[in-house]
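Got the viewer open and a hand on the mouse? Here comes a short walk with a few stops along the way.

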Amino acid sequence: LPLLQARNMILEFGGHILPNFVPRQLFELHPEYFRMNEKGERVKEHNFCPNSGALEVLKNGVREYFAQLPEITYFHVWADDLTDGGWCRCPKCRALSPADQNLIAMNAVAEVLAPVNPQASLALLTYHDTGKPPSGAPATNLFLFHAPRERCYRHAFNDPACRRNREEY
């Protein structure tokens, strides 16, 4: 760490680990913590219900995680990597876009990070079904981390000859 700091380097850490902070063992006792699929069934795979007690479980888990890693500058605590299907469709969440559900969860994580590591920031990953802007505002310690994976790689984002990039980006 001192060598990195002497060279003005930073540490980033994390990945697709957000659902890990709501342990699947809780499903039997608290199925309401877990997402509802399109059939109206609570399922324990993938992301959780952000309008449930799962947020408190999440906050407790990330608090311990952040406290163990005080040297990290940028954290990546991303939701599951899915296209259309990893977010909750319960009555409370149905009207929320995946981007809004992601923002609810990430704002909760950011709320915990602020007092534990005030110098650190948290990536708000946007892509797949969270690629559209959420309706709410992100916490001040969240930074946009956009991954336009579905884009056309043959053309620049702003190439007017590329219909896909022009329409999407």
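How many disulfides does a search of the whole structure find? Zero. Keep in mind from the start that this is a predicted model.

**Stop 1: the cysteines**

Select Cys49 and Cys88 and show their side chains. The cysteine sulfur closest to that of Cys49 belongs to Cys88, and at 3.7 Å it is too far for a bond, because a disulfide needs the two sulfur atoms within 2.5 Å. Cys49 is also buried, with a relative accessible area of 1%.

Now go to Cys93 and Cys90. Cys93 is in no disulfide, and its nearest cysteine sulfur, in Cys90, is 3.7 Å away. Is Cys93 buried or exposed? It counts as buried, at 0% relative accessibility.

**Stop 2: the whole view**

Zoom out and switch to cartoon. You should be able to pick out four helices and four strands. Along the sequence they come in the pattern α-β-α-β-α-β-β-α. The C-alpha atoms fill a box of roughly 50 × 50 × 25 Å along the principal axes. Of the 169 residues, 40% count as buried. Take the contacts between residues at least 6 apart in sequence: 61% of them join residues at least 24 apart.

**Stop 3: the sheet**

Colour the strands. They make an open sheet of four strands in the order S1-S2-S3-S4, with parallel pairing. Which strands sit at the edges? Strand S1 (12-15) and strand S4 (142-146) do, and each pairs on one side only. Turn the view a little: neighbouring strands are turned by 25° against each other on average, direction ignored.

Next, select strand S3, residues 121-126, together with S4. The two pair in the parallel sense over five bridges. For one place to click, try Leu124, whose bridge partner in S4 is Leu144.

Add the helices now. Helix H2, residues 54-67, packs on the sheet and touches S1 and strand S2 (74-77). The direction of H2 makes about 145° with that of S2. Then bring in helix H3, residues 98-116, which lies across S2, S3 and S4. H3 runs at about 170° to S3.

**Stop 4: the aromatic rings**

Show the side chains of Phe, Tyr and Trp. The count comes to nine aromatic pairs. Centre the view on Trp78 and Phe145, a stacked pair with 5.6 Å centre to centre and 20° between the planes. This pair links distant parts of the chain: Trp78 is in the loop between S2 and H3, while Phe145 is in strand S4, 67 residues apart. Trp78 is buried, with a relative accessible area of 15%, whereas Phe145 is partly exposed, with 31%.

For a group of rings, select Phe13, Phe21, Tyr65, Phe66 and Phe75. Ring pairs link these five residues into a cluster.

**Stop 5: an arginine and two rings**

Which ring has the charged end of Arg151 over it, 4.1 Å from its centre? That is the ring of Phe157. Arg151 also lies over the face of Tyr153, at 4.9 Å from the ring centre.

From Phe157, look for Glu167. Glu167 and Phe157 are 10 residues apart in sequence and 9.9 Å apart in space, C-alpha to C-alpha. Glu167 lies in helix H4, residues 163-168. Glu167 counts as exposed, at 54% relative accessibility.

**Stop 6: two loop residues with positive phi**

Last selections: Asn8 and His46. Asn8 is in the loop between helix H1 (2-6) and S1. Its phi is near 55°, a positive value in a residue other than glycine. Asn8 is exposed, with a relative accessible area of 73%.

Where is His46? It lies in the loop between S1 and H2. The phi of His46 is near 70°, again positive in a residue other than glycine. His46 is partly exposed, with a relative accessible area of 26%.

Note on methods
Residues are numbered from 1 along each chain as its sequence is written. This is a predicted model: local features need pLDDT of at least 70, side-chain atom pairs count only at pLDDT 80 or more; totals for chains, interfaces and linings use all residues. Side-chain values use heavy atoms; hydrogens and water are left out. Two strands pair if DSSP finds at least two bridges between them. Axes are lines fitted to C-alpha atoms, for helices over the stretch in contact, and angles run from 0 to 180 degrees between N-to-C directions. Contact means heavy atoms within 4.5 Å. Buried means under 20% relative accessible area, exposed over 50%, partly exposed in between (1.4 Å probe, protein chains only). Rings of Phe, Tyr and Trp (its six-membered ring) pair if their centres lie within 6.5 Å; planes under 30 degrees apart count as stacked, over 60 as edge-to-face and the rest as tilted. A charge sits over a ring if NZ of Lys or CZ of Arg is within 6 Å of the ring centre and within 35 degrees of the ring normal.
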